[in-house]
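Hi,

Here is the structure I said I would pass on. Have a look at it first, and then read on for what turned up.

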Amino acid sequence: MMGASEQARCRFIARQVVTEYARDKVAKALYEAILEGLEFGPRDLPLAEDREWIRRAIGAPLQEATDAALEVLSQSVGRTLERAPNGLLERFARSHQLEALAFD
């Protein structure tokens, strides 16, 4: 079970790693992987409705995979930073707290 300070650090790291920009990039990369794996062209699926159905149908799995990937990534980065030498995580956190307050 995590202590309160460890949970707060995990939430801080998650906020730094899991941004809208990161979410967009991961979703785009996963979408490209899906397109490559499910190569359906007009010859394979001549009906536009079929192609559109597939595009809509992959939306939910794509979102789930994006969420899972970012969660695992933030946890993994958090564990890595927890082991960083010389108080690196605390210094990183302080620098971003000051940045958030516009004392940069």
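A question to start with: which residue forms a salt bridge with Arg 23, and how many Å apart are the closest N and O atoms? The partner is Asp 67, and the closest N and O atoms are 2.5 Å apart. Keep in mind that this is a predicted model, so the distances are computed from predicted positions.

That pair is a nice one to find on screen, since it links distant parts of the chain. Arg 23 sits in helix H2 and Asp 67 in helix H4, with their places 44 residues apart in the sequence. As for how open they are, Arg 23 counts as partly exposed because its relative accessibility is 23%. Asp 67 comes out as partly exposed too, at 34%.

Searching the whole structure gives four salt bridges. Another one joins the side chains of Asp 24 and Lys 28, at 3.3 Å from N to O. Here both partners belong to helix H2, and they are four residues apart, or about one turn of the helix. Asp 24 has a relative accessible area of 37%, so this residue is partly exposed.

Then go to helix H3. The side chains of Glu 52 and Arg 55 meet in a salt bridge there, 3.4 Å from N to O. They are three residues apart in H3, which means about one helical turn separates them. Glu 52 is partly exposed at 33%, and Arg 55 is partly exposed at 45%. This pair also has company: Glu 52, Arg 55 and Arg 56 are linked in a network of salt bridges.

Arg 55 turns up again in the next feature, the largest pocket, as one of its lining residues. The volume of this pocket is about 160 Å³. Around it you will find Tyr 31, Ile 34, Leu 35, Leu 38, Phe 40, Leu 45, Arg 51, Ile 54, Arg 55 and Ile 58. What kinds of residues make up that lining: nonpolar, polar or charged? Eight are nonpolar, two are charged and none is polar. Helix H2 (20-37) and helix H3 (48-57) each supply at least two of the lining residues, so if you colour by helix, begin with those two.

Now for the inside. In soluble globular proteins, nonpolar side chains tend to be buried together. In this model the largest nonpolar core has five residues, namely Phe 12, Ile 13, Val 17, Leu 89 and Ala 93. Two elements give two or more residues to this core: helix H1 (4-17) and helix H5 (88-100). H1 gives the most, with three.

Ile 13 is a good residue to click on. Leaving out residues up to four places away in sequence, Ile 13 touches Ser 74, Val 77, Gly 78, Leu 81 and Leu 89.

Ser 74 deserves a look as well. It is found in helix H4, which covers residues 59-82. Is Ser 74 buried or exposed? Buried, because its relative accessibility is 9% and the cut-off for buried is under 20%. Setting aside neighbours within four places in sequence, Ser 74 is in contact with Ile 13, Ala 14, Val 17 and Val 18. Two of these names, Ile 13 and Val 17, also belong to the nonpolar core described above.

That is the tour. Write back once you have had a look.

Best wishes

Technical notes:
Residues numbered from 1 in each chain as written. Predicted model: local features only at pLDDT ≥ 70, side-chain atom pairs only at ≥ 80, totals over all residues. Heavy atoms only, no water. Core = buried A, V, L, I, M, F, W, Y, C linked by side-chain atoms within 4.5 Å. Buried < 20%, exposed > 50% of the residue type's maximum accessible area, 1.4 Å probe, protein only. Contact = heavy atoms within 4.5 Å. 1 Å grid on protein atoms, 1.4 Å probe; cavity = no way out; pocket = protein on both sides within 12 Å on 5 of 7 lines; lining within 4 Å. Points joined across faces, edges and corners; volume = space filled by probe spheres on them. Nonpolar A, V, L, I, M, F, W, Y, C, P; charged D, E, K, R; others polar.
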